[in-house]
Amino acid sequence: MSTIPVTIDFSGGAEFLVKAKAQKVQIPADSTLRDVLKFVRDNLVTDVHRINMLLNDDASEVAHGVITLINDTDTGLLLEYDTVIEAGDTITFVSTLHGG
Amino acid sequence: MEKRRGPPPCQSGSGCSNPAKIRKAKDGAQLCGPCFSRNFEDDVHEAIVNNKLFKRGERVAIGASGGKDSTVLAYVMKTLNDRHDYGLDLQLLSIDEGIKGYRDDSLLAVEKNRVEYGLPLTILSYRDLYGWTMDDIVAKIGKKNNCTFCGVFRRQALDRGAFKIGATKLVTGHNADDMAETLLMNVLRGDIARLERCTNIVTGEEGDLPRAKPLKYCFERDIVMYARTNQLEYFYTECIYAPNAYRGYARKYVRDLEKVHPRAILDLIRSGEKVSVKKEVEMPTLKICERCGYMTSQKLCKACLLIEGLNTGNTDLGVRKSKKSKKVTVEADELNKEGGCGSGGGGGGCGCAGAEDAAENEETRQRLKDLQF
Ligand code: SF4
Ligand SMILES: [Zn+2]
Ligand SMILES: [Zn+2]
């Protein structure tokens, strides 16, 4: 199976739940954003007790209050979870829930 | 494979031809970064102008915690003051609760704002004002009523700080999400007095320093995206003493509502604005605290009562012991469950917006209780 390189970036407090703030990883080609969520759950999340602050139960969506960006563009302006990821993309998870 | 379809063009209507990057949570507008920033700032400007929040020449204290809301507030206030020539003298005001690993770090973020925005910064500490840090208090009373202490202390500390620097107004970073949650909590606990004023854009009565909330109509998501777009650094660690608060549930509920109906937050605020309750009880007249001179409806102000309790080991929240002490204790328990700041539960953040709510709420309860007993 061919893979593509992408960067997955966490901010706004979401970085406390994963291995590192920004990570270069290989994901399967033709992955959608929805596939990336599962990839994050299975490979990057370290704080399993608070994973619900990042993803919903079956990792089909992000937790409410988390914004997802692809190359700094809100995925709501693309095809949401069906957006196909391309090689070199930066996928960002921004938590809006931390701090005030 | 076919190339991914790009985002739609920016809809700002100002002839901008950038691709849109941000979908504004408040109204769904699809905007590029610069147009989103401008749009966000215009919203705040409109709230300021429509509500006549400030007078020219006024010195305004910005309550700064280093968190996202107050960081954005300080930046937007400075931007608008320059752009629209409000003629305000803006100053940063921070409170150091004395919480190691939390407030000391977040104060570094505020210090950065001071340098970057060129605004003077005053820091008041619980230790100096009250002789107790939150670390001391938690060591003494445990992690139970800590947020009640913290809320009462913070409220007074901000007032004192604003007075000290000669400010005639205090602005805080409360946002639309905070307000919708607070409203809901006040409904759930039947706190009518608080319900009536919790959505006011300016609060403070009877000699209280007026407090304004210029971000009242700004959504949390938009505040975060604004900070990101303008590369504002803020601090987002939770307070280590955060309770699993009631607010966490209210927050989740509001977020769920918002998901099915994005206008839910604004609708909640609008409902709050429409509530007006017949005055059935008269508020007691305010006196001056015999110990510290702060205004109070009792002999001693709330903070002095709490300090007295800490110093004498009688930590029942400083609530006056009376014949009905049983009732008083219940009330204290209740407060502990309900009160507290935005921290904890559901991962809510502490800019301690909520702690302030707890304090106000308690003050209200205290006042009402004084009338009953
Ligand atoms: S959670 Fe907020 S109110 Fe409670 S102790 Fe911490 S800073 Fe104070
Ligand atoms: Zn634009
Ligand atoms: Zn006093």
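In this predicted model, the zinc ion (ligand 3) is held by four protein donors, the SG atoms of B:C289, B:C292, B:C301 and B:C304, which lie 2.2 to 2.4 Å from the metal. The angles among these four donor atoms run from 104 to 118 degrees, and the site is tetrahedral. Read along the sequence, the donor residues follow the pattern C-x2-C-x8-C-x2-C. The site also links distant parts of the chain: B:C289 sits in the loop between β9 (287-288) and β10 (295-296) of chain B, while B:C304, 15 residues apart from B:C289, belongs to helix α12 (residues 302-312) of chain B. B:C289 and B:C304 are both buried.

A helpful companion to this site is B:T296, which is placed in strand β10 of chain B. B:T296 counts as buried because its relative accessibility is 5%, under the 20% cut-off. Leaving aside residues up to four places away in sequence, B:T296 touches two of the zinc donors named above, B:C289 and B:C301, along with B:T285, B:L286, B:K287 and B:I288. For B:L286, the C-alpha to C-alpha separation from B:T296 is 5.4 Å, with the two positions 10 residues apart in sequence numbering.

The zinc ion (ligand 2) has its own set of cysteine donors, namely the SG atoms of B:C10, B:C16, B:C32 and B:C35, lying 2.3 Å from the ion. The arrangement is tetrahedral because the angles subtended by the four donor atoms are 102 to 115 degrees. Here the spacing along the chain is C-x5-C-x15-C-x2-C. Distant parts of the chain are again brought together, with B:C16 in the segment before β1 (22-23) of chain B and B:C35 in helix α1 of chain B, 19 residues apart. B:C16 is partly exposed, as its relative accessible area is 22%, whereas B:C35 counts as buried at 16% relative accessibility.

Helix α1 (residues 33-50) of chain B also packs against another helix. The axes of α1(B) and helix α2 (residues 68-83) of chain B come within 10 Å and cross at roughly 80 degrees; the two helices are therefore roughly perpendicular to each other. On the α1(B) side the meeting residues are B:R38, B:F40, B:E41, B:D42, B:V44, B:H45 and B:I48, and on the α2(B) side they are B:V72, B:V76, B:M77, B:T79, B:L80 and B:R83.

In chain A, A:H49 lies in the loop between α1 (33-44) and β3 (66-70). A:H49 is exposed because its relative accessible area is 74%, over the 50% cut-off. A:H49 and A:L17 are 32 residues apart in sequence, and their C-alpha atoms are 9.0 Å apart in space.

Turning to confidence, the model scores ipTM 0.94 and pTM 0.85. Chain A averages a pLDDT of 92, with 97% of the residues scoring at least 70. The mean in chain A is lowest in strand β2 (residues 22-28), at 95, and highest in strand β4 (residues 73-74), at 97. Chain B averages 80, and 79% of its residues score at least 70. Among the elements of chain B, helix α1 has the highest mean pLDDT (97) and helix α13 (residues 325-338) the lowest (33). The pLDDT stays under 50 over residues 319-361 of chain B, a stretch with 111 contacts beyond four places in sequence. Residues 363-373 of chain B are also below 50, with 32 contacts beyond near neighbours in sequence. Where pLDDT is low, the predicted coordinates should not be read in detail.

How values were computed
Residues are numbered from 1 along each chain as its sequence is written. Chains are lettered from A and ligands numbered from 1 in the order in which they are written. This is a predicted model: local features need pLDDT of at least 70, side-chain atom pairs count only at pLDDT 80 or more; totals for chains, interfaces and linings use all residues. Side-chain values use heavy atoms; hydrogens and water are left out. pLDDT is the predictor's confidence in each residue, from 0 to 100. Helices (H or I, at least four residues) and strands (E, at least two) are DSSP runs, numbered from the N terminus. Contact means heavy atoms within 4.5 Å. Donors are N, O and S atoms within 2.8 Å of the metal (3.2 Å for Na, K and Ca); water is not among the atoms, so sites may look incomplete. Four donors count as tetrahedral if all angles lie between 85 and 135 degrees; four count as square planar and six as octahedral if opposite donors are over 155 degrees apart and all others between 65 and 115; anything else is irregular. Buried means under 20% relative accessible area, exposed over 50%, partly exposed in between (1.4 Å probe, protein chains only). Axes are lines fitted to C-alpha atoms, for helices over the stretch in contact, and angles run from 0 to 180 degrees between N-to-C directions. Angles under 35 degrees count as roughly parallel, over 145 as roughly antiparallel, 65 to 115 as roughly perpendicular and the rest as oblique.
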